[in-house]
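Open the model in your viewer and keep the sequence panel beside it. The tour goes from one selection to the next and says what is there.

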Amino acid sequence: MRSDMYKVIVERPRTGAGWTKPGRQPREPDDRRACEGMRPRGRSRKWLNENLRPLQRWLERQAGRRWDAVYSELCKGVDRRNTVQQHIHEHLRDFVAVDVLEIGGRLCVARDWGGVVALADSRCDLYVDPRNGCLMRNEEAAADRARRRREHLLEVRAREAGWREGVRRLDDTAQLHRVDGIWYRVELAPVPPPRPSKRKPGACVPVPAFDALLRDKVGSCAGKRCGLYGRCDVYARSKRQLSQAELIAYRLRNGDGPDPFDPRWTTTRRERPRKCRGPLYFGEQHKEH
């Protein structure tokens, strides 16, 4: 083990306990303080500026070895009489699950709080295998954290892209909607403004327009159109069922199953460069060729 592993834990400068309410100042100027001390008032506290990443990297490199040998090497380079170096032993269980039990053929971790939990639910990246006493990697916990990280990233991207299940927004005039398990391309158009009435002067008559997706006339209520298209000033002028080639291009599938978010669906398909075969020569080749 490197001898500079414990040097990353240093003592921070002492700071004051915080702001305190000042008392009443003396009325006579001669009774006031002649000078103010530079030391902060209140009770100071001692903090440690810790960077345990070198310790974590060293422990990860020791995976596969006997835990007794790893712990002996760790204690050989760390002096428990030193307060700063003793801090390493206090954080050792944050990276290594030492108290591991085998219950019903399944590995579990006995924690100081929370009782016994499964090894996959432990936040330690390493554990001591009770069957052979070796330091092993917690692959189940790492895979579970990676899965939760991917799910969270997909949720963030879907929220940023304004994604909704069964709806894909192409541009301001075209969207993709899934109706009864079938994907359609919907062309949007602005709602026509009302025209003046010929019979009643000063009155306006709405222009008749038919919404192809709602299968109804465009009325004064824009709540359905706003919830469906994300805008209130447009309506579905026409719709067309997507072909198989378009479904493949947009990475969609007809059916009533779940519609998970795929951040790659908006990417354009890159055509692979076609291979060009050179001319074929038969027989012997001459020097001038």
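Two strands count as paired if DSSP finds at least two bridges between them. Keep that rule in mind for the first stops. Note also that this is a predicted model.

**The whole chain**

Show the protein chain as a cartoon: it has 6 helices and 16 strands. Of its 289 residues, 26% count as buried. The accessible surface comes to about 22,300 Å², and carbon and sulfur atoms account for 50% of that area. Next, consider contacts between residues at least 6 apart in sequence: 55% of these join residues at least 24 apart.

**Strands β4, β5 and β6**

Select residues 106–110, which are strand β5. Which residue in β6 is the bridge partner of Cys108? The partner is Ala118. Strand β6 covers residues 116–118, and β5 pairs with β6 in the antiparallel sense over 3 bridges. The hairpin of β5 and β6 has 5 residues between the strands. Select Gly114 in this hairpin; the residue takes a positive phi near 90°.

Now add residues 100–103, strand β4. Strands β4 and β5 run antiparallel and are joined by 4 bridges. One pair to display is Ile103 with Arg106, its bridge partner in β5. The hairpin of β4 and β5 has 2 residues between the strands, and there Gly104 takes a positive phi near 65°.

**A nonpolar patch**

Stay in this region and show the surface of Leu101, Ile103 and Val116. These residues make a nonpolar surface patch of about 250 Å². Leu101 lies in strand β4. Is Leu101 buried or partly exposed? Leu101 counts as partly exposed because its relative accessibility is 40%, and partly exposed covers the range between under 20% and over 50%. In a regular strand, side chains alternate between the two faces of the sheet.

**An open sheet**

Select β3, β7 and β8 together. These 3 strands form an open sheet in the order β3-β7-β8, with mixed pairing. The edge strands, each pairing on one side only, are β3 (96–97) and β8 (135–137). Strand β7 consists of residues 126–128, and its pairing with β3 is parallel, over 2 bridges. To see where the two strands face each other, label Val96, which stands opposite Leu126 in β7.

**Salt bridges**

Switch to side chains. Side chains of opposite charge can pair when their charged atoms come close. How many salt bridges does the structure hold? It holds 14.

Start with Arg65 and Glu73, which form a salt bridge with their closest N and O atoms 3.1 Å apart. Arg65 has 32% relative accessibility and so counts as partly exposed; Glu73, at 24%, also counts as partly exposed.

Move on to Asp129 and Arg131. Their salt bridge has its closest N and O atoms 3.0 Å apart. Asp129 counts as buried because its relative accessibility is 5%, whereas Arg131 counts as exposed at 54%.

Then select Arg185 and Glu187, another salt bridge, where the closest N and O atoms are 2.9 Å apart. For the last stop, select Asp144, Arg147, Arg148 and Glu151: salt bridges that share partners join these residues into one network.

Terms used: Residues are numbered from 1 along each chain as its sequence is written. This is a predicted model: local features need pLDDT of at least 70, side-chain atom pairs count only at pLDDT 80 or more; totals for chains, interfaces and linings use all residues. Side-chain values use heavy atoms; hydrogens and water are left out. A salt bridge is a side-chain nitrogen of Lys or Arg within 4 Å of a carboxyl oxygen of Asp or Glu. Buried means under 20% relative accessible area, exposed over 50%, partly exposed in between (1.4 Å probe, protein chains only). Patches are made of residues with over 30% relative accessible area and no salt bridge: like charges are joined within 9 Å, nonpolar side chains (Val, Leu, Ile, Met, Phe, Trp, Tyr) within 5 Å. Accessible areas come from the Shrake-Rupley method with a 1.4 Å probe; for residues, only the protein chains shown count as cover. Contact means heavy atoms within 4.5 Å.
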